Every structure is written in C-alpha cells, then in structure tokens.
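Here is a brief report on selected residues. It covers a polar contact, a strand residue and an aromatic pair.

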Amino acid sequence: MQDVGWREKVKLPQISKKSFTAKMDTGAKASSLHVTDLNVHEKNGERIASFTAMVGPKPHVEYVKFEAEVIEYKRVRSSNGMVEERPTIILELELNGERWPVEVTLTNRSKMKYRMLIGRDAMGDKLRVCPSKTYLTGD
C-alpha cells in the first residue's frame with residue numbers, strides 16, 4: 001500500500017502523457033473527471049462517450065478529444081447535493097509510475113478546483129491517504 005497526500009500528480013496515459021493534479025477524495029465512492037463536449041452515442045452496438053479532456057499542468061493545459069465505451073451510468077450525488085446520472089468509463093490511472101484500471105464518471109467540474117477526483121473504489125487497497133500531506137509521490 002502506498003501513502004499519498006490529499007492531492008497528487010496523476011496521468012491518464014490513454015489520453016495523454018502529461019500529468020495533472022487530482023484530489024484524493026475518501027468521501028467519494030466513485031472517481032470523476034472534468035470533461036467538455038460530452039456526447040454519448042451508439043457505435044457498432046456499443047454506447048460510446050466522446051469528450052474533450054483537459055490534461056497537463058496549468059498554464060500548459062492540453063485539450064484532448066477522446067472516445068471510450070460507456071460501461072454503465074452511475075447516480076452520483078455531488079458536493080452541492082444534486083443527483084446526476086453520469087456515464088462511466090474505464091481509464092488507466094498512473095500514479096508514481098504504477099498503473100491500474102479505474103472506473104471514472106464523466107461530468108463538468110469547471111466550478112471545482114481539481115479536474116479529477118480519485119474516489120475510494122479507485123484507491124482500493126493500493127493507496128492510503130495522509131490528509132495533512134500533499135504530493136507525497138513527488139511533484
């Protein structure tokens with residue numbers, strides 16, 4: 001098990017090689033990613049989410065168009081108490097050189113400080129959050 005701070009640099013290698021800061025959120029079951037231009041459509045009998053993701057550190061943000069199969073819709077209660085049905089995809093998460101697949105809900109997080117939340121399901125028994133620390137895996 002790896003100790004991490006409440007925020008860490010992560011990568012989504014299927015989308016980009018650039019890292020960005022994500023918040024480790026032990027209060028959230030699901031992980032979520034800020035996306036724009038979200039469109040779910042059918043392609044070859046599968047539901048596909050096409051979207052634009054923002055990756056890389058500020059002010060060098062890169063906008064990447066990406067598509068992934070929607071595995072399900074999750075009902076998520078946001079921090080403001082609203083319930084939203086979000087498309088959920090599987091992405092590979094990289095943290096400190098280690099990679100594993102995680103379920104990620106897609107939503108507009110433009111009013112939030114962090115583009116990605118890493119929830120308990122993604123942390124599993126791999127990560128232990130030290131709430132008073134940041135960037136324990138490096139900056």
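## Selected contacts

The side chains of Lys74 and Glu103 are joined by a polar contact of 2.9 Å. This comes from a predicted model. Lys74 sits in strand E7, residues 72–77. Setting aside residues up to four places away in sequence, Lys74 touches Ala30, Glu84, Glu85, Arg86, Thr88, Glu103, Thr105 and Asp121. Glu103 is thus listed among the residues that Lys74 touches.

Ala68 belongs to another strand, E6, which spans residues 62–69. Its C-alpha atom is separated by 5.6 Å from that of Ile48. The two residues are 20 residues apart along the chain. Ile48 is also one of the contacts of Ala68. The others, leaving aside neighbours within four places in sequence, are Arg47, Ala49 and Ile89.

Now the aromatic residues. The whole structure holds 2 aromatic pairs. One of them is Trp6 with Tyr114: the ring centres lie 5.9 Å apart and the planes meet at 90°, so the pair is edge-to-face. This pair links distant parts of the chain, 108 residues apart. Trp6 is in the loop between strand E1 (2–5) and strand E2 (7–11). Tyr114 is in the loop between strand E9 (98–107) and strand E10 (116–118).

How accessible are these residues? The table gives the values for Ala68, Trp6 and Tyr114.

| Residue | Relative accessibility | Class |
|---|---|---|
| Ala68 | 12% | buried |
| Trp6 | 27% | partly exposed |
| Tyr114 | 11% | buried |

Ala68 and Tyr114 count as buried because their values fall under 20%.

Key:
Residues numbered from 1 in each chain as written. Predicted model: local features only at pLDDT ≥ 70, side-chain atom pairs only at ≥ 80, totals over all residues. Heavy atoms only, no water. Helix = DSSP H or I, 4+ residues; strand = E, 2+ residues; numbered from the N terminus. Buried < 20%, exposed > 50% of the residue type's maximum accessible area, 1.4 Å probe, protein only. Contact = heavy atoms within 4.5 Å. Polar contact = N/O pair within 3.5 Å; in protein donor to acceptor, adjacent residues only side chain to side chain. Phe/Tyr/Trp six-rings, centres within 6.5 Å; stacked < 30°, edge-to-face > 60°.
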